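Got your viewer open and a selection box ready? Let's take a walk through this one, stop by stop.

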Amino acid sequence: MTEPTTGSKSGPRSRISAVLPLSPLQQGLLFLSSYDRTAPDLYTLQFVADIDGDAADLERRLRAASAALLRRHPNLRACFRNRKNGEPVQVVPHEDEVRPPWAVHDLTGLPEEEREARARRIAREDRLRRIDPARPPLMRFALLRLGERRCRLVWSVHHILVDGWSLPLAVRELTLLADERGAAALPEPTAYRSFLNWLGTRDRAAARAAWAGLLDGLDGPVRVAPEVTGAETELPQSVRDFLPERETAALTAWVRGRGLTLNSVVQGCWAVLLGRLTGREDVVLGAVTSGRPAEVPGVESMIGLFANTLPVRADVRPQRRASELIEELARQQLAMMPHEHLPLAEVQSASGIQGELFDTVLAFQSYPLDEEGLRRETGGAVSAAQVHSATHYPLHLTVLPGERLEMQLAYRSSVPGAAGVLGRLVRILRQVADDPDVLLARLGGLDPDEERRILTEWSGTAESGPAPARRTTIPELFAERAARTPDAVAVTAGTTSLTYRELDERANRLAHLLAARGAGPETFVAIALPRGADLIVAVLAVLKSGAAYLPLEPAHPADRVAHTLHDARPVLLLTGTDADVPAAPDLPRVDLTAEGTRAELAACPATDPRAAVAPEHAAYVIYTSGSTGRPKGVVVPHRNVVRLLDATDDWFGFGPDDVWTLFHSIAFDFTVWELWGALLYGGRLVVVPYDVSRSPDAFRELLARERVTVLNQTPSAFYQLMRADAEADSELVLRYVVFGGEALDIGRLGDWYARHADDAPRLVNMYGITETTVHVSYQELDAATAAAGGGSVIGRGIPDLRVYVLDGALRPAAAGVPGELYVAGPGLARGYLGRPDLTADRFVACPFGPAGARMYRTGDLGRWRADGTLEYLGRADQQVQLRGFRIELGEIATVLGRHPGVAEAAVVAREDRPGDQRLVAYVVSEAELGAELREFASTRLPDYMVPSAVVRLPAIPLTANGKLDRRALPAPEYATSDRAPRTREEEALSAIFAEVLGLERVGVDDDFFALGGHSLLATRIVNRARAELGTELGIRDLFEAPSVSALAARVPA
């Protein structure tokens, strides 16, 4: 086709009647249609109706009517092409250039019982068959003969031509055009292009600003099914339900009295349910607007695509009332109405959020198909009329008004629990109808059976747990083990080995010395020793004295160590000559390397001091990162450690033949498991030198040489060990590898399972935190789990613990819904040393246990999977986990803020490259302080808390709510993206990227979407690339390879 021309009288007439711009939704639908041309296009509307009459006569009249319909409405003849600059337009051919395609299926030869099934199959297959937007007309008709005078009309039309308001209008015209008298009564239609002309007069900049303001501060997309990606190959399933007449009437009367609409009521109730389904209190849903501006004459009777899908934002905090939310949504709709013409992709871009803002859509059908009117106007010939539609959204709710409010939910089969969503919505609507002022906290809860299953079968109950742990202590259990196998090797540290008898006697002597100097129950003894046999002796000796040990990492900055000593106020400090521990004048020291100390120890008895220590007494205090800028001490009693080993014994069966490693810093609570898992079962503990722990090859060699059977690792450390293992020849005899300390990317274990059997060793993922005594849950892994990938599955709680997934109002979350993890049971620590306020904030009353029961608010997000196992989703607060350490970002910011050149500081964890998470500091300062500030931090923070980069800003960006606006923080420049194009393809694509994005230049490694690209611009990029490079790149290619270099690699040679 060519552009329309006037031409000369003798020249050929153009085949094109008009070239028109696209409406907002047309742009989006064209993108979706082009994204994957091999998948079914779900945006095909289908009208189906049974018609009585002679088949031949019906076919003749309907064929003529369909052609007349396209003559009356030129935009129904449109196809969609691209200009040379990549801009899409709709091209309208002359009326004699397009004929609607027809097919006739005679099913009368089939047995009666088979005809209906065949007819349904024909209609379904027709819906799934793609309609090419570039080849007009974007519709097709079929007439199915079902009997002597019974036919079925099937009309499939692409949604890009008509919306839900227009299709009933078009159906009515089609039936009237099939009758001579009806055709004569039809008025001249108003041209669709008048609406498109009106669109061209709108202020897009003002609209972008309005939508950006509405979505300011939104914490990312709101999705009920983030794991559902890619194109669907099947039509969605659907369910239908009704709000009873009484409740419908009550709501109708209430909204009339308030000057509201039922649409706002349904939006509010749907938003509340989305909050429950996503675990969010600030939600965004998609809403279909009519898009028909009153200022366009005749717009209500026009046929075309006017509708638009746009976001609605709702504050569904549980303390709000339903009436308050509904009125707020009505005001929002009124305020945003002048800006409803903006395409969703531009709204998305204005929000600054990458990816789809929402994955649920609500359409309130004010003008549904009038089946009774069709029957009346056709003299009863038309019956069983239906309109079928679908979208790419996982959940699409359609609401139809009436005496009973009708609701139809289309859902993807891959969305867990989707079939029950509509029932929950109806319950919410009934509650609001009964009391519009009801608190949102009371809406949308689980049904009793589901809640019972989650709280008992999945979370666990105190009654269903194992028998209480033994009433004993760590030193008592060790003494029993030492008496049973005195000559077995207990500790190996380099060339030094200690048997159980030697370890017991050395610890006894030191315990006597400590007790003589003030150590005893409910006192703390600090330990600052390098890795080695003396460290193990010291820990055991402190416990034998009745005191609790306070582990210090000598490599930590002096400022942090000094704070820990000042806060915990230990009675003694066990250290060595080489330990660089800050001076504490009031703290007595015991230097284990001094000659005088050795002489004193030699004079102490080797017998057990038999301190009066009870299971309830403190065993250790470990300091973790604190949001106030200072670490906080977690106090854990003996009984917690004993019950941890007892409760997990059936899973692991640890024993005297096991060899463990002490791999981690003694200040990391993973070592509690490493120490006592080995020594209380009679195993051997191999102390790993620090330099070996940082060398995967050397550590892999140690594992083989020492014939280690139980290995405990953070995932980050194990990923490095996997690479070393791939290049090693020596045999491992590992029985178990236990993961903890940070989220495990299970999919990365595939390489390990390619070389090792599922049970040699067994890999176990155990979620846990210091405040709940090391471990909380257990999930055994295998090759199939790794191949499936997915999230970080952490399994079920340890038998004596109860693990809950709760929302902000402490209500249990449904399967698949994110919530905060809470832990109850005997694993809970006492609390934070000297911090009753913080203890009360994190150790809260448990509403699901007996009176007085506590639960720990972890600050971690998780969700139940359909099988009742837990999936870890990350942090809910400002803490992050990095290299196995739980880090409070506020502590780092506080330290940076103490630098005299820093006026303000913020710290975030970024993952600008997949799998590469780094700490980045943002500071307000007069001068560049990058290297200086990192050096400043390194003297006050452990190395894992020192930011990888420092970015200077004129001001720290804040949201409208005064919170840190993380989306406005720029990525640090670790490396430049100024690399010049190396090939013809890269050069061409760089120029295309720059022109379409409106930039002076684009580096070949720059990300299209990070530079402000969105789906509509993606279409132009791909169209330009096809034209200039002559290649069949698809839109999916750009989404999967969004940089110039990556996209160029997909261009065929």
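**Stop one: the domains**

Start by putting a centroid on domain 4 and another on domain 5: their C-alpha centres are 34 Å apart. Keep in mind that you're looking at a predicted model. To colour the whole thing by domain, use 16-190 for domain 1, 202-224 + 238-445 for domain 2, 801-877 for domain 3, 879-953 for domain 4 and 984-1049 for domain 5.

**Stop two: helix 1**

Now select residues 24-35, which make up helix 1. Try a quick distance check between its end C-alpha atoms: you get 17 Å, which agrees with the 16 Å that 12 residues should span at 1.5 Å a residue. Next, show its buried residues: Pro 24, Leu 25, Gln 26, Gln 27, Leu 29, Leu 30, Phe 31, Ser 33 and Ser 34. Nine of the 12 are buried, so helix 1 is largely enclosed by the rest of the structure.

**Stop three: the cores**

Which residues have the most contacts inside the largest nonpolar core? Select Trp 155, Leu 161, Trp 270 and Leu 397 to see them; the core itself has 130 residues. Helix 9, residues 262-278, gives the most to this core, with 10 residues. Both domain 1 and domain 2 contribute, each with at least three residues.

Zoom in on Leu 161. Beyond its neighbours within four places in sequence, Leu 161 is in contact with Asn 75, Leu 76, Ala 78, Phe 80, Leu 138, Met 139, Gly 304 and Leu 305.

Last selection: Ala 619, Val 764, Ala 813 and Ala 829, which are included in a second, separate core of 96 residues.

Methods. Residues are numbered from 1 along each chain as its sequence is written. This is a predicted model: local features need pLDDT of at least 70, side-chain atom pairs count only at pLDDT 80 or more; totals for chains, interfaces and linings use all residues. Side-chain values use heavy atoms; hydrogens and water are left out. Domain bounds come from an automatic or database domain assignment. Helices (H or I, at least four residues) and strands (E, at least two) are DSSP runs, numbered from the N terminus. The expected span of a helix is 1.5 Å times one less than its number of residues. Buried means under 20% relative accessible area, exposed over 50%, partly exposed in between (1.4 Å probe, protein chains only). A nonpolar core is a set of buried Ala, Val, Leu, Ile, Met, Phe, Trp, Tyr and Cys residues joined through side-chain atoms within 4.5 Å. Contact means heavy atoms within 4.5 Å.
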